[in-house]
Amino acid sequence: FSIASDPSIAENSAMSGRAMNQETGLLVIVRHGEAEPDQVDPARPLTLQGRQDVERLAACLATADLMLQRIVHSDKLRARQTAQIVQRYLAAEQGAVASDGLHPNDDVGFAVDLADRTVGASMIVGHLPHLERVIDSLLSGRLDARIVELQAGAAAVLARRPHGWTLRALIQPDLLPVSGAS
């Protein structure tokens with residue numbers, strides 16, 4: 001897996017994530033891992049499968065040599081737990097911080113503004129349908145384009161180019177290797 005090998009970013013297609021981050025803004029959008037249903041626990045913590053999926057996602061992202069400035073997540077428990085797992089793997093410079101404006105039905109304005117102010121690489125951890133609408137807005141200018149569908153524990157990697165945002169990678173947990181599998 002490599003999100004740093006797009007030859008249109010640099011002449012050297014073996015370019016590291018560090019150099020790529022210096023040339024473009026990167027935004028990694030992560031949907032929280034699978035959470036317990038409301039009936040089981042109203043706080044909706046991650047399930048065991050949800051934690052395992054996020055661990056595999058974080059390990060995959062760690063291989064890309066991302067130099068995250070920060071991880072911004074909603075204040076809901078499942079998003080915070082997801083951000084904490086990712087932070088252990090990626091060690092974002094400013095850590096993982098909770099923020100308003102990232103709940104399931106929030107307006108996309110806050111997240112789009114955060115993306116547009118991104119220098120280097122940042123991550124947003126949140127919920128559906130909000131995250132898919134943020135991606136739609138950044139990539140197409142519409143809120144209903146349905147460009148990607150994020151599974152629980154999935155990530156979309158977007159890069160800012162002179163003409164706007166582009167999708168660099170979509171990482172779904174069901175496509176990631178399971179520990180001990182060959």
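This is a short talk on the fold, one helix pair and two residues of a predicted model.

Hi everyone, thanks for coming. Let's start with the overall layout. The protein has five helices and six strands. Going along the sequence, you meet them in the pattern α-β-α-β-α-β-α-β-α-β-β. The chain has 182 residues, and 49% of them count as buried. If you take contacts between residues at least 6 apart in sequence, 66% join residues at least 24 apart.

Now, have a look at helix 2, residues 48–62. How does its span compare with what 1.5 Å a residue would give? Its 15 residues should span 21 Å, and the end C-alpha atoms are 21 Å apart, so the two agree. The buried residues of helix 2 are Gly 50, Asp 53, Val 54, Arg 56, Leu 57, Ala 58, Cys 60 and Leu 61. And what do they pack against? Their partners are strand 1 (26–31), helix 3 (77–90), strand 4 (121–126), strand 5 (155–161) and strand 6 (164–171).

Let me pick one residue from that list. Asp 53 sits in helix 2, and is it buried or exposed? With a relative accessible area of 10%, Asp 53 falls under the 20% cut-off, so it is buried. Leaving aside residues up to four places away in sequence, Asp 53 touches Ala 152 and Pro 173.

Next, the helix pair. In general, two packed helices are described by the angle between their axes and the distance between the axes. For helix 4 (residues 109–116) and helix 5 (residues 130–140), the axes come within 9 Å and cross at roughly 50 degrees. That crossing makes helix 4 oblique to helix 5. The crossing of the two is right-handed. Which residues meet there? From helix 4 we have Ala 111, Val 112, Ala 115 and Asp 116, and from helix 5 His 130, Val 134, Ser 137 and Leu 138. Sorted by class, this contact has five nonpolar, two polar and one charged residues.

Last stop: Leu 143, which you will find in the loop between helix 5 and strand 5. Its relative accessible area is 44%, so Leu 143 is partly exposed. Apart from residues up to four places away in sequence, Leu 143 touches Val 108, Arg 133, Asp 136 and Ser 137. Ser 137 may sound familiar, as one of the helix 5 residues that meet helix 4. Finally, the C-alpha atoms of Leu 143 and Glu 132 are separated by 8.2 Å, with the two residues eleven apart along the chain.

That's my tour. Thanks for listening!

Notes:
Residues numbered from 1 in each chain as written. Predicted model: local features only at pLDDT ≥ 70, side-chain atom pairs only at ≥ 80, totals over all residues. Heavy atoms only, no water. Axes fitted to C-alpha atoms, helices over the stretch in contact; angles between N-to-C directions. Helix = DSSP H or I, 4+ residues; strand = E, 2+ residues; numbered from the N terminus. Parallel < 35°, antiparallel > 145°, perpendicular 65-115°, else oblique. Left-handed = near helix turned anticlockwise from the far one by under 90°. Contact = heavy atoms within 4.5 Å. Nonpolar A, V, L, I, M, F, W, Y, C, P; charged D, E, K, R; others polar. Buried < 20%, exposed > 50% of the residue type's maximum accessible area, 1.4 Å probe, protein only. Expected span 1.5 Å × (residues − 1).
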